[in-house]
Amino acid sequence: MAQGAKKTTAQVVGVVVLAAAVTGFLAVAAVRHGFFDLKVYYGALTWWVRDGGEIYDYLKPGTQYGFTYPPFAALVMLPMVYLPWSAAIVVSVLASVATTTVLIWWLVDPIARRAGWTRWFALAVALCLAAAFEPMRETVNFGQVNTLLLFLVAVDLLRLLPAGNRWTGVGIGLATAIKLTPGVFIVYLLVTGRWRAALTASGTAAGVSLLAAALFPDASREFWTEALWNTGRVGELAFVSNQSLRGVVARLNPEHPSTLLWLLLVLGTLALWAWRSRAAVAAGDEATGLALTGAVMCLVSPVTWVHHLVWLLPALILLVDNAMAAPAGRRRRVLLVAATIGYALLISRTVWFWEKDFTGVDGFLGSNAYVWISLALLAFLPIRRWLTPDGSAVEASGVPQLDQPDRRAPAGQRHLVGRPFTVR
C-alpha cells in the first residue's frame with residue numbers, strides 16, 4: 001500500500017475511533033434537556049400566532065420561563081410555527097452543526113496549512129472535540145441560538161472586516177437585534193476605531209428592530225417597556241449555571257448580592273478588555289479581537305448560562321494556533337497545556353459538583369471554574385502580529401507577540417488567509 005494511502009487509512013481510523021469515544025463520553029456525560037429552550041420558543045410563537053395571545057405573556061407550562069428575545073428574533077423564528085415539532089428540532093440541530101462547522105473551518109484551516117496537517121482530518125478532529133465541549137452540547141440539547149449568533153459576528157470580524165468590505169457590521173447588527181448581548185461587538189468596533197463598521201452594525205440593529213416594531217407594534221411595546229426589565233423570567237442569578245461575574249457575586253451572598261461589587265468588577269474587566277482589544281487590532285489580529293470580546297461578553301453579562309460559553313471556542317482554538325506557531329520548546333508546551341486544561345474543564349461539568357452547595361473556599365473556586373477560564377483567556381490569550389510583504393512587522397506595544405505567517409497580507413487582503421496571493 002502506498003504511503004499516502006496508509007496515512008489516509010490511519011487518519012480515517014483515527015477519526016472513527018475519536019468519534020466513537022466522543023459518542024461514548026456524551027452518552028455518559030451529556031445531560032438531556034429535551035430541547036427545553038426550543039420548546040419555549042415554539043410554544044410562545046404558537047401561542048402568539050395561532051392562539052391570539054401576546055408572545056411575552058406566554059410561560060412554558062409549569063415553569064417561569066417565557067420568550068425573552070427582542071421582537072426581531074420572533075420575526076426570524078416565525079417560520080417555526082408552520083413546522084411540526086420534530087422538524088423544528090431537525091432545523092435547530094442542523095443550523096447549530098452547520099454554523100459551527102463553518103466557524104471551526106475558518107479557525108482551524110490556517111493551523112492545518114501551517115502545520116502541514118491534512119485539512120479534512122484537522123476539521124474532523126476539531127468537530128469531534130467540539131461535540132464534547134459542554135457549552136456546545138448544551139446549546140444543541142437546549143435548542144439554543146448561540147452558534148448562529150457567533151457565526152454572524154464571525155462573518156463580520158473574520159471575513160468581511162479583514163477584506164475591507166463595506167457591509168462589515170451587518171452580521172453584528174443582526175446578532176444584536178436577535179439577542180441584545182452581541183451588542184458588545186458594536187462597542188468593540190467603536191473602541192478599536194472602526195467607525196463605519198460600528199455605524200453599519202448600529203444601523204442594521206436599529207433598522208431591523210424598527211421593522212419588527214412596524215410589523216408587531218404591541219409585542220415591541222411590551223418587550224421594550226416591560227419584558228426586557230423582568231429579570232425573573234431569565235432565572236436565578238446565583239444558580240451555578242450562571243458563569244458570569246454577576247453569578248460569582250450572587251453566589252457570595254444569594255439573598256443580597258452586592259451590585260456595587262459587581263459594577264466594580266465589570267468596570268475593571270472592561271478596562272482590561274479595551275486595552276487588549278486595541279492591542280490586538282493594532283497588531284492586525286482580528287481573530288483574537290473576536291475571542292477577547294466573546295470572553296468579555298460572557299463575563300460582564302448579568303446572566304451567562306453554561307451554553308452561552310460557546311463564545312469561548314475561538315479563544316481555545318487560538319491557544320492551539322498560537323502554540324503551533326511558536327517554536328518547539330517551553331512556550332509551545334505551556335500554550336498546549338493551557339488549551340488542554342481549559343478544554344478539559346469545559347467538557348467536565350465541573351461546576352455542577354457545587355450546584356447545591358457553593359459555600360466555602362472550594363465552593364467559591366469550583367462553582368465559578370468557568371468564570372476563571374474566561375478571565376484567564378481575556379488576560380493571557382496571546383496577541384499576534386502580522387507581517388507585510390516587505391517583512392516589516394506591525395507590533396502592539398507592550399504585548400507579547402508571535403509571528404503569524406498566515407497574516408502576511410495587507411489589511412485589505414487578509415481574507416485570503418492560507419491562500420497564495422499576489423500584491424499588485
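In the predicted model, T293 is buried, its relative accessible area being 0%. This threonine belongs to helix 14, which spans residues 286–300. Apart from residues up to four places away in sequence, T293 touches V184, F185, Y188, W273 and S277. The UniProt record, an unreviewed entry, includes residues 287–313 among the segments listed as "transmembrane region".

The protein as a whole contains 18 helices and zero strands. Of its 424 residues, 51% are buried. Where contacts link residues at least 6 apart in sequence, 70% of them join residues at least 24 apart. Confidence in the model is expressed by a mean pLDDT of 89, with 89% of residues reaching 70 or more. Residues 387–424, however, have a pLDDT below 50, and this stretch has 87 contacts in the model beyond near neighbours in sequence.

The pairing of helix 1 with helix 5 was examined next. Two packed helices are described by the angle between their axes and the distance between the axes. For helix 1 (residues 3–29) and helix 5 (residues 119–132), the axes come within 9 Å and cross at roughly 5°. Because angles under 35 degrees count as roughly parallel, helix 1 is classed as roughly parallel to helix 5. Helix 1 contributes Q11, V12, V15, L18, A19, V22, F25 and L26 to the contact, and helix 5 contributes W120, F121, A124, V125, C128, L129, A131 and A132. In terms of residue class, this contact comprises 15 nonpolar residues, one polar residue and no charged residues. Residues 12–31 and 120–136 both appear in the UniProt list of segments annotated as "transmembrane region". Within residues 120–136, the chain is 94% helix and 0% strand, and the C-alpha atoms at the two ends are 21 Å apart.

Helix 6 (residues 134–142) is largely enclosed by the rest of the structure, because eight of its nine residues are buried. The buried positions are E134, P135, M136, R137, E138, T139, N141 and F142. Immediately after helix 6, G143 adopts a positive phi of about 75°.

Two residues of helix 6, E134 and P135, are among the contacts of L346. L346 is situated in the loop between helix 16 (330–345) and helix 17 (360–367), and it is buried, with a relative accessibility of 0%. Neighbours within four places in sequence aside, L346 also contacts F133, L309, L312, L316, Y370 and I373. Between L346 and L312, which are 34 residues apart along the chain, the C-alpha separation is 9.7 Å. The segment 334–352, another of those listed by UniProt as "transmembrane region", is 63% helix and 0% strand, with its end C-alpha atoms 28 Å apart.

A further buried position is A197, which has a relative accessibility of 7%. A197 lies in helix 10, formed by residues 195–215. Excluding neighbours within four places in sequence, A197 is in contact with T168, G169 and L189. The C-alpha atom of A197 is separated by 9.8 Å from that of G173, and these two residues are 24 positions apart along the chain. In the UniProt record, the list for "transmembrane region" includes residues 168–191.

Definitions and conventions:
Residues are numbered from 1 along each chain as its sequence is written. This is a predicted model: local features need pLDDT of at least 70, side-chain atom pairs count only at pLDDT 80 or more; totals for chains, interfaces and linings use all residues. Side-chain values use heavy atoms; hydrogens and water are left out. Axes are lines fitted to C-alpha atoms, for helices over the stretch in contact, and angles run from 0 to 180 degrees between N-to-C directions. Helices (H or I, at least four residues) and strands (E, at least two) are DSSP runs, numbered from the N terminus. Angles under 35 degrees count as roughly parallel, over 145 as roughly antiparallel, 65 to 115 as roughly perpendicular and the rest as oblique. Contact means heavy atoms within 4.5 Å. Ala, Val, Leu, Ile, Met, Phe, Trp, Tyr, Cys and Pro count as nonpolar, Asp, Glu, Lys and Arg as charged, and the others, Gly among them, as polar. UniProt positions are given in the numbering used here, feature names are shortened, and annotations may be inferred rather than shown by experiment. pLDDT is the predictor's confidence in each residue, from 0 to 100. Buried means under 20% relative accessible area, exposed over 50%, partly exposed in between (1.4 Å probe, protein chains only).
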